[in-house]
Amino acid sequence: MTNKQGSLSINSENIFPIIKKWLYSDHDIFYRELISNGCDAITKLKKLDVMGEYSLPDDYEPKVEVRVNPTEKTIKVIDNGLGMTAEEVEEYINQIAFSGATDFLEKYKDKSSEDQIIGHFGLGFYSAFMVADEVQIETLSYRDGAAPVHWSCDGGTEFEMGDGTKETVGTEITLFLNEDCLEFANEYRAKEVLMKYCSFMPTEIYLVNETAETQYETIPVEEKTEKDVVVETIIEEPKTEERENENGEKEVVEVSPRTEKLKIVKRPVPINDIHPLWTKHPNECTDDDYKKFYRTVFQDYKEPLFWIHLNMDYPFNLKGILYFPKINTEYDSIEGTIKLYNNQVFIADNIKEVIPEFLMLLKGVIDCPDLPLNVSRSALQNDGFVKKISDYITKKVADKLIGMCKTEKESYEKYWDDISPFIKFGCLKDEKFCDKMNDYILFKDINEQFLTLPELLKAEEEKEAENAAEDGSGNEAAAGSDADETNKDENAGEADTFDEDENTDEADTFDEDEEERDTRKTVYYVTDVNQQGQYIRMFKEYDMNAVILDHNIDSSFITQLEQRNQNYRFMRIDADVTDALKEDVSEEDLKESLDSLTEIFRKALGKEDLNVKVEKLKDASVSSVMTLSEEGRRMQDMMKMYNLSGMDESMFGGDETLILNVNHPLVTFILEHKDDTHVPIFCKQLYDLAMLANHPLKPEDMTAFVARSNQIMLVLANKNK
């Protein structure tokens, strides 16, 4: 072949973008691109063998070899794939952005059913110029009679191409590194990059340091292969020792036989796993396989809770494994890692177009050959197809969780505290996920039992039905009274009808809204088991239930649930005193006590706008309770979230209500001895005790409370002298 000189043919729409360093954000990506090209060349050659267009040697072992030489400042990437002829070098190397993989697939599209060829754009080779001043190619095509080709370029648009010296089929690319990129010829840095991008490429990859000393290993003779280079034979003579036999006589006994071992040049070990776990069928994988893969990929030695193996062939090809790690910390500080692969080639971590945001809390791998990548293979092109992939992943995660809740409830409950932030975050971020998970979200109640929302509501309905049955006689009397009222309405005749017509639509709407609010089921919840212990004790005593929602995501989560489910509402356990905790006393009977106690407490506390309510609680040991309306408390929480604290008292202080129990002796004492000198102290103490059971006191209020407690004890001590 005659020597040839010329200029690279640049497609006008590309204008040689690869040589400019901004095509790839990371310079180390050249390793991925060159090795991917080598894997492609091997895949093509094996396909030609399958199709009968080429016969592989019997001893053929596909591999890509990376040879680093920090002394000579070079990197070599060598493959034993199909190689190139001079015409193919002209076409695929000299004409930038002509993809060899695309051309190959077009030619053999009717003869090959599986596309495992990585390249798409014909640009990867030129990533070498991000780190090299000069690149050389030595290649020999598999074709009969093909001549070896040499090609070199110094990073400009000029190249040289002529006869080569390569004697075996395949391609060898040599990079002469520039001074800024010598790190990539360091063996340890090279291995780090290869492990990042190439850990699971489909062809074995070997890393060799050409300047390192030869390493050796010792093997048994029977394990020797034809490829082993024997340095020496090591013979260990048998070992004997003198022992006493059963007759008491001493004799020489052989304790280890004669052995013969071989010292050989250390066998090369590939740095990658060509059959990663996600490429296998789930039935072929054991729990230990999944756990080992997790430890290897994520360097996390805490076992995952469980995992989902994705395996889909239609309407797109997608495989992967998603792991649920322990995520029982605050959800906004959790960072998972989902690695995205394309035909076992690493693309990037956590690509949000493919991985729904809430799944970023997980760890896993997803391999999708159908991903529409951009030219640098590091990001996705806009494509509606990507949304389908994302939706599929979300659906599979929801299906797994629902299946566990239905068939593995015990395991699901065991994992719940760890995975609940993830599920709740998912419900907030993805409506479809929320729709599927709505009835499979667990709530841990104050009795340490796990219940779904339907189970909670059903239990409440059964309790109401039981109470109604017990109060049957009273209900019948009430029904008779209602009937009398109905008869009166009917006797009113036209006048009543006229009055009803006079009613405005607004009034009707208000009545309907009131009725809707009254019929909504209430789910009580606890945000701090210790702080709200008094309320929990009362609930348990009277067979009432509440769920524990103590994660910072819960406030937003229950608000969303209420918006999507109009038949129930959530109310914190201290938002009100429920009827089940009170004796049946009319407001008229308590009015006099209410007026008197309101005046006494407002005066003692210096709070003219203090809301006071008087109840006759069944539990006589409870003197006072502080309630804050659900709406007011949620508004306070929201303001704290947005760092608007300080405004809550002035805007929502009126929502706090001090409830006094007239069944308690201390409240009775205050009511009957309102002019006693100790009453103001008792009022302040009862108020602070109620506040403490609701939320922590401010520093100055806590100081006053402690001082007042000491004062009360001192009074008692002096009284007993």
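## How H19 and H20 cross

In this predicted model, helices H19 and H20 sit oblique to each other. Their axes come within 10 Å and cross at roughly 130°. That angle counts as oblique because it falls outside the 65 to 115 degrees of a roughly perpendicular pair and is not over the 145 of a roughly antiparallel one. As for handedness, the crossing of H19 and H20 is left-handed.

So which residues do the touching between H19 and H20? On the H19 side, look for Ile-681, Lys-684, Gln-685, Asp-688, Leu-689 and Leu-692. Their partners in H20 are Asp-701, Met-702, Phe-705, Arg-708, Ser-709, Gln-711 and Ile-712. Sorted by class, this contact is a mix of six nonpolar, three polar and four charged residues.

## A closer look at H19

Helix H19 covers residues 679-692, which makes 14 residues. At 1.5 Å a residue, H19 should span 20 Å, and its end C-alpha atoms are indeed 20 Å apart, so the two values agree.

How much of H19 is covered? Mostly, it is: ten of the 14 residues are buried. You can pick them out as Val-679, Ile-681, Phe-682, Cys-683, Gln-685, Leu-686, Tyr-687, Asp-688, Ala-690 and Met-691. H20 (699-719) is one of the elements that these buried residues pack against. The others are helices H13 (533-541), H15 (587-605) and H18 (665-672), along with strands E27 (624-628) and E28 (656-661).

## Two loop residues with positive phi

Now hop over to Lys-73, in the loop between strand E3 (64-69) and strand E4 (74-79). Lys-73 isn't a glycine, yet its phi is positive, near 60°. Lys-73 counts as partly exposed because its relative accessibility is 32%.

Gln-344 also has a positive phi, near 70°, and is likewise a residue other than glycine. You'll find Gln-344 in the loop between strand E18 (337-342) and strand E19 (345-349). Is Gln-344 buried or exposed? With 11% relative accessibility, Gln-344 counts as buried, since the cut-off for that is under 20%.

## Stepping back to the whole chain

How many helices and strands does the chain have? There are 20 helices and 28 strands. The chain runs to 721 residues, and 44% of them count as buried.

Contacts in the chain often link residues well separated in sequence: among those between residues at least 6 apart, 72% join residues at least 24 apart.

Notes
Residues are numbered from 1 along each chain as its sequence is written. This is a predicted model: local features need pLDDT of at least 70, side-chain atom pairs count only at pLDDT 80 or more; totals for chains, interfaces and linings use all residues. Side-chain values use heavy atoms; hydrogens and water are left out. Helices (H or I, at least four residues) and strands (E, at least two) are DSSP runs, numbered from the N terminus. The expected span of a helix is 1.5 Å times one less than its number of residues. Buried means under 20% relative accessible area, exposed over 50%, partly exposed in between (1.4 Å probe, protein chains only). Contact means heavy atoms within 4.5 Å. Axes are lines fitted to C-alpha atoms, for helices over the stretch in contact, and angles run from 0 to 180 degrees between N-to-C directions. Angles under 35 degrees count as roughly parallel, over 145 as roughly antiparallel, 65 to 115 as roughly perpendicular and the rest as oblique. A crossing is left-handed if the near helix is turned anticlockwise from the far one by less than a right angle, and right-handed if clockwise. Ala, Val, Leu, Ile, Met, Phe, Trp, Tyr, Cys and Pro count as nonpolar, Asp, Glu, Lys and Arg as charged, and the others, Gly among them, as polar.
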